[in-house]
Amino acid sequence: MANTMTTTGFLTRPMSSFHFHSPRCSISSTPNSLKAAFAVPRRKAISLILSSTYILSDIGTALAQQPRVFREYVDTFDGYSFNYPSNWIQVRGAGADIFFRDPYILDENISVEVSSPSSSKFKTVQDLGSPQQAGKKVLDQYLTEFMSTRLGVKRESNILSTSQRIADDGKLYYQVEANIKSYASNNELAVMPQDRVVRLEWDRRYLSVLGVENNQLYELRLQVPENVFLEEESELRQVMASFRANKVVR
């Protein structure tokens, strides 16, 4: 049964005229008596505040030091799997084969792209060339997707690293890391150059893992704001290392 509160009426006499009596206590509305009843020594009050601050700080530190919990996502139909942070939420209709994002940092997300089996016949990830050549293709694809029709928008991009590894499934995977910055003018229609002030819109790190199976190219994509990357780098690299392209039996 739901809790219900009923108001029967209001007293309209001034509060200063009330005087409460009880067998156990008597509280007068006199300001001096109230001040005396609830007075706390200044030194004791400061001690209580500092103690509370230390307790909250310790709780925050303990929470921050807790290891990240991961869940495994397995797509048996398309043939891939990876681990992702357990508190991330799935977003449907995002355009990728699968898409998860951080519930608090909306620019931090993970997705998987799978090439069409009818338009490509990959035998190995080396069909993309070297890791450096694959990195260039990955970055070009990102810039194409982020192409804007707005006036005064400029993108700066840089490949930070490319590498390759053989996972425990015996397959070769490429890894690509890139940074992309987006700048925009606050008044792109201004005639005078000094009136077109350019500002940084966003600064992001992009991490990609590429693998081949079932004659298809699989790409795991991680996006994270650059100012968050160092804090979560260890967890993000665990996600990258977990990615597998799996054989599909139909």
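**Group meeting: a seven-stranded sheet and its cores**

Let me begin in the sheet, where β9 and β10 run antiparallel and are joined by twelve bridges; strands here are DSSP runs of E with at least two residues, helices are runs of H or I with at least four, both numbered from the N terminus, and two strands pair if DSSP finds at least two bridges between them. What you have in front of you is a predicted model, in which local features need pLDDT of at least 70 and side-chain atom pairs count only at pLDDT 80 or more, while totals for chains, interfaces and linings use all residues. Residues are numbered from 1 along each chain as its sequence is written, and side-chain values use heavy atoms, with hydrogens and water left out.

In outline, the protein has four helices and twelve strands, and 34% of its 250 residues are buried, where buried means under 20% relative accessible area, exposed means over 50% and partly exposed lies in between, with a 1.4 Å probe and protein chains only. If we take the contacts (heavy atoms within 4.5 Å) with a separation of 6 or more, 53% of them come from residues 24 or more positions apart.

Now, how are the strands ordered in the open sheet of seven? Reading across, the order is β5-β6-β7-β11-β10-β9-β8, with antiparallel pairing. The edges are β5 (89-90) and β8 (153-166), and each has a single partner strand, so one side of each is left without a neighbour in the sheet.

Starting from the β8 edge, β8 and β9 pair in the antiparallel sense over 13 bridges, one example being glutamate 156, whose bridge partner in β9 is lysine 181. The two strands make a hairpin with five residues between them, and in that turn glycine 170 has a positive phi of about 85 degrees. As for β9 itself, 13 of its 14 residues are buried, and on its way to β10 we find alanine 178 with tyrosine 206 as its bridge partner.

Isoleucine 159, in strand β8, is partly exposed, with a relative accessible area of 29%. Its contacts, neighbours within four places in sequence aside, are Gly135, Lys136, Leu139, Glu177 and Ala178. Isoleucine 159 and tyrosine 206 are 47 residues apart in sequence, while their C-alpha atoms are 9.4 Å apart in space.

Further along the sheet, β7 and β11 run antiparallel and are joined by six bridges, and serine 111 stands opposite arginine 221 in β11.

Turning to the helices, α3 (residues 131-145) lies across β8, β9 (172-185), β10 and β11, at about 145 degrees to β8; axes are lines fitted to C-alpha atoms, for helices over the stretch in contact, and angles run from 0 to 180 degrees between N-to-C directions. Helix α4 also packs on the sheet, touching β7, β8, β9, β10 and β11, and its direction makes about 150 degrees with that of β11.

Next, the interior. A nonpolar core, in this analysis, is a set of buried Ala, Val, Leu, Ile, Met, Phe, Trp, Tyr and Cys residues joined through side-chain atoms within 4.5 Å. The largest one has 24 residues, and those with the most contacts inside it are Tyr80, Phe82, Phe100, Ile110, Leu220 and Phe243. At least two of its residues come from each of β4 (80-85), β6 (98-101), β7 (109-114), β10 (198-213), β11 (216-225) and α4 (226-242), and α4 gives the largest share, five residues. Apart from this core lies another, of 18 residues, among them Leu172, Val176, Tyr206 and Leu217.

Last, the rings. The structure holds 13 aromatic pairs, counted when ring centres of Phe, Tyr and Trp (its six-membered ring) lie within 6.5 Å, with planes under 30 degrees apart called stacked, over 60 edge-to-face and the rest tilted. Tyrosine 73 and tyrosine 80 form a tilted pair, 6.2 Å centre to centre with 35 degrees between the planes. Which kind of pair do tyrosine 80 and phenylalanine 82 make? Their ring centres are 6.4 Å apart and their planes lie at 10 degrees, so this pair is stacked. Tyrosine 80 is buried at a relative accessible area of 0%, and phenylalanine 82 is buried at 1%. Both belong to one aromatic cluster with Tyr73, Tyr84, Phe100 and Tyr218.
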